There are 2 protein chains.
Amino acid sequence: MIASPTAWSLHPQLEHDTAAVGDLPLSRLLLSNDANYPWLLLVPRRLAASDIIDLDEKDQVQLMIEIAFASRALKDLTACHKLNVAAIGNMVPQLHVHIVARRPDDPAWPKPVWGAVPARPYGAAERERYIAALRGKIELAIPTLTSPAGEGRQDGTARYCG
Amino acid sequence: MIASPTAWSLHPQLEHDTAAVGDLPLSRLLLSNDANYPWLLLVPRRLAASDIIDLDEKDQVQLMIEIAFASRALKDLTACHKLNVAAIGNMVPQLHVHIVARRPDDPAWPKPVWGAVPARPYGAAERERYIAALRGKIELAIPTLTSPAGEGRQDGTARYCG
């Protein structure tokens with residue numbers, strides 16, 4: 001089936017710069033192809049969302065749940081000093097949240113990572129090791145918000161898109 | 001009463017760089033003293049929180065509610081093109097979330113604002129006008145998450161700290 005113009009798809013620039021890890025209940029989880037820093041992105045699979053406030057309130061809360069999940073996974077894997085979490089999107093309008101593991105010995109510290117130093121692509125083995133480790137984390141159920149009326153999403157398991 | 005060392009207080013650097021707008025249920029809302037961009041900060045009043053995942057889950061959700069509230073207030077006041085939302089904190093360890101209204105004609109566009117151009121302090125009248133407008137927005141009740149068991153915070157009104 002040919003995708004209709006109303007179907008969500010990942011922005012080509014994000015597709016180019018990342019590798020897919022998997023789909024959380026709301027967002028696609030991506031690994032940035034920049035080995036300077038362990039760097040994840042969450043992209044809510046919602047049409048025409050550019051700012052966080054373009055999501056409805058339930059999706060905003062689910063995005064926070066997924067930010068916390070991805071942050072903890074990244075911190076567990078890297079023992080980083082600090083997490084940088086940001087929705088900027090001045091150049092790529094599709095809503096995406098950066099989650100970057102920072103260390104005092106990384107090439108941009110203490111500055112933000114955007115534009116600091118050129119991206120350094122992963123070697124294939126290193127990238128696959130990261131993705132496998134992240135997928136191991138995803139296999140744990142992702143909690144979702146359940147409303148008092150029981151209308152919240154219950155599909156707490158994640159699917160791989162890679 | 002002298003504050004005990006276990007009492008929350010605003011980090012001196014944030015105190016220096018901002019003016020207080022008011023207290024939302026979780027966070028202190030601040031206006032950055034940089035007239036290059038309308039720029040708010042949310043600082044959760046929680047001890048020893050540096051990353052978002054240092055907050056408990058209820059506070060994480062409340063932070064998202066307050067990010068959405070402050071984002072909408074800023075967008076209403078500025079008719080900005082894009083919102084930049086970020087928790088970085090590599091230099092000031094107290095958890096704080098930047099919410100910046102961006103326009104294609106601002107001095108850093110499309111780059112992120114951090115370190116892009118020197119801060120340009122507000123004139124007193126312009127700063128007070130912004131703060132008054134933001135306080136007008138805060139006087140509307142801030143929604144808080146109510147748990148199914150009814151144990152959520154109900155104090156949806158905000159207090160001024162300024």
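## Exercises on a two-chain predicted model

Helix 1 of chain A supplies three residues to the lining of the largest pocket, the largest share of that lining. The structure is a predicted model, in which local features need pLDDT of at least 70 and side-chain atom pairs count only at pLDDT 80 or more, while totals for chains, interfaces and linings use all residues. Residues are numbered from 1 along each chain as its sequence is written, chains are lettered from A and ligands numbered from 1 in the order in which they are written, and side-chain values use heavy atoms, with hydrogens and water left out.

### Exercise 1: the largest pocket

Describe the largest pocket by its volume, its central residues and the classes of its lining.

Step 1. A pocket is defined on a 1 Å grid over the protein atoms alone, as an open set of points with protein on both sides within 12 Å along at least five of seven lines, whereas a cavity is a set of points where a 1.4 Å probe fits but cannot get out; lining residues have an atom within 4 Å of a point. Grid points are joined across faces, edges and corners, and a volume is the space filled by probe spheres set on the points. On these terms the largest pocket has a volume of about 820 Å³.

Step 2. The pocket is lined by 30 residues, and W39(A), M91(A), H98(A), W114(A) and G115(A) are the closest to its centre. Helix 1 (12-17) and strand 3 (39-44) of chain A each give at least two residues to this lining, where helices (H or I, at least four residues) and strands (E, at least two) are DSSP runs numbered from the N terminus.

Step 3. Sorted by class, the lining holds 16 nonpolar, ten polar and four charged residues; Ala, Val, Leu, Ile, Met, Phe, Trp, Tyr, Cys and Pro count as nonpolar, Asp, Glu, Lys and Arg as charged, and the others, Gly among them, as polar.

### Exercise 2: the cavities

Work out how many cavities of 30 Å³ or more there are, and describe the linings of the largest and the second largest.

Step 1. The count comes to two cavities of 30 Å³ or more, and the largest encloses about 100 Å³ of space.

Step 2. Of the 14 residues that line the largest cavity, I67(A), V85(A), I52(B), I67(B) and V85(B) lie nearest its centre. Two or more lining residues come from each of helix 2 (57-78) and strand 4 (82-87) of chain A, and likewise from helix 2 (57-78) and strand 4 (82-87) of chain B. The lining divides into 14 nonpolar, no polar and no charged residues.

Step 3. The second largest cavity has a volume of about 50 Å³, and its lining includes S71(A), K82(A), D51(B) and I52(B). Strand 4 of chain A gives the most to that lining, with three residues, and by class the lining has six nonpolar, two polar and two charged residues.

### Exercise 3: the contact between the chains

Describe the contact of chain A and chain B by its area, its residues and its salt bridges.

Step 1. Contact, meaning heavy atoms within 4.5 Å, takes in 29 residues from chain A and 29 residues from chain B.

Step 2. Buried area is the accessible area (1.4 Å probe) that two parts lose on being put together, summed over both. The two chains bury about 2,900 Å² between them, 63% of it on carbon and sulfur atoms. In chain A, I53(A), M64(A) and N90(A) lose the most area to chain B, together 25% of what that side buries.

Step 3. A salt bridge is a side-chain nitrogen of Lys or Arg within 4 Å of a carboxyl oxygen of Asp or Glu. Two salt bridges are counted between chain A and chain B, and K82(B) forms a salt bridge with D51(A), with the closest N and O atoms 2.5 Å apart.

### Exercise 4: a bridge within chain A, and the backbone

Explain which parts of chain A the salt bridge between R45(A) and D23(A) ties together, then locate the cis peptide bond of chain A.

Step 1. The closest N and O atoms of R45(A) and D23(A) are 3.7 Å apart. Because R45(A) lies in the loop between strand 3 and helix 2 of chain A and D23(A) in strand 1 (residues 18-23) of chain A, the pair ties together parts that are 22 residues apart in sequence.

Step 2. The peptide bond from W109(A) to P110(A) is cis, with omega near 0°, and P110(A) is found in the loop between strand 5 (97-102) and helix 3 (124-138) of chain A.
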